[in-house]
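Subject: Structure for you to look at

Hello,

Here is the structure I promised to pass on. Please open it first, then read my notes beside it.

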Amino acid sequence: QVQLVESGGGLVQAGGSLRLSCAASGSIASINAMGWYRRAPGKQRELVAAIISGGSTNYADSVKGRFTISRDNAKNTVYLQMNSLKPEDTAVYYCYADIKIMRGSEYRFWGQGTQVTVSS
């Protein structure tokens, strides 16, 4: 069994910063890509940022230059540092990880979601 646990969301004023964390645990053989999606009220789910095991990253255009994704492979944890936050960043943020489980195949697992609210 694999579990992803998120932390770090909250309420912040525009221009502020937050750091999200997502730790994977369980019967993990290896982790390929990890990343973050978000869903704002009335909008479609959006890929915010992703990072593969080798360290390559990609970002949504809307967050480039403001958000930074990183990972600690020893801790099976992915982070999202969010700076210069804007009200339009308000959403529920979900982490994911593409995990090869012990003696099994690769699956995508999801965190429980964490609310980020940016006030103007």
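**Thr114 and its surroundings**

Thr114 sits in strand 11, which covers residues 114-119. Keep in mind that this is a predicted model. Is Thr114 buried or exposed? Its relative accessible area is 12%, so Thr114 is buried; the cut-off for buried is under 20%.

Which residues does Thr114 touch, leaving out those up to four places away in sequence? They are Glu6, Gly9, Leu20, Ala91, Val92 and Tyr93. Now look at Ala60. Thr114 and Ala60 are 54 residues apart along the chain. Their C-alpha atoms are separated by 19 Å.

**Ser21**

Next, find Ser21 in strand 3, residues 18-26. Ser21 has a relative accessible area of 16%, so this residue is buried too. Val78 is 57 residues away from Ser21 in sequence. In space, the two are 5.9 Å apart, C-alpha to C-alpha. Ser21 is in contact with Val78 and Tyr79. Other contacts of Ser21 include Val5, Glu6, Ser7 and Trp36. Neighbours within four places in sequence are left aside here. Note that Glu6 turns up twice: it touches Thr114, and it touches Ser21.

**The whole chain**

Step back now. How many helices and strands does the chain have? There are 0 helices and 11 strands. From the N terminus on, every element reads as β. The radius of gyration is 14 Å, close to the 14 Å that the globule rule gives for 120 residues, so the chain is as compact as a globular protein of that length. The C-alpha atoms fill a box of roughly 50 × 25 × 25 Å along the principal axes.

Buried residues make up 41% of the 120 residues. Take the contacts between residues at least 6 apart in sequence: 55% of them join residues at least 24 apart. The Ser21 and Val78 contact joins residues 57 apart.

The chain exposes about 6300 Å². Carbon and sulfur atoms supply 46% of that area. As for charge, there are 13 positive and 8 negative side chains. The centres of the two sets lie 3 Å apart.

**Aromatic rings**

The structure holds 4 aromatic pairs. One of them is Tyr107 with Phe109, and it is edge-to-face. The ring centres are 6.4 Å apart, with 75 degrees between the planes. How open are these two to the surface? Tyr107 has 44% relative accessibility, so it counts as partly exposed. Phe109 has 21%, and it also counts as partly exposed. Elsewhere, ring pairs link Tyr37, Tyr96 and Trp110 into a cluster.

**Two loop residues with positive phi**

Where does Asn76 lie? It is in the loop between strand 7 (67-72) and strand 8 (77-82). Asn76 is not a glycine, yet its phi is positive, about 50 degrees. At 23% relative accessibility, Asn76 counts as partly exposed.

Arg103 is in the loop between strand 9 (91-101) and strand 10 (106-110). Its phi is near 55 degrees, again positive in a residue other than glycine. At 84% relative accessibility, Arg103 counts as exposed.

Best wishes

Terms used
Residues are numbered from 1 along each chain as its sequence is written. This is a predicted model: local features need pLDDT of at least 70, side-chain atom pairs count only at pLDDT 80 or more; totals for chains, interfaces and linings use all residues. Side-chain values use heavy atoms; hydrogens and water are left out. Helices (H or I, at least four residues) and strands (E, at least two) are DSSP runs, numbered from the N terminus. The radius of gyration is taken over C-alpha atoms; the globule rule is 2.2 Å times the number of residues to the power 0.38. Buried means under 20% relative accessible area, exposed over 50%, partly exposed in between (1.4 Å probe, protein chains only). Contact means heavy atoms within 4.5 Å. Accessible areas come from the Shrake-Rupley method with a 1.4 Å probe; for residues, only the protein chains shown count as cover. Lys and Arg count as positive and Asp and Glu as negative; His and the chain ends are not counted. The place of a charge is taken as NZ of Lys, CZ of Arg, CG of Asp or CD of Glu. Rings of Phe, Tyr and Trp (its six-membered ring) pair if their centres lie within 6.5 Å; planes under 30 degrees apart count as stacked, over 60 as edge-to-face and the rest as tilted.
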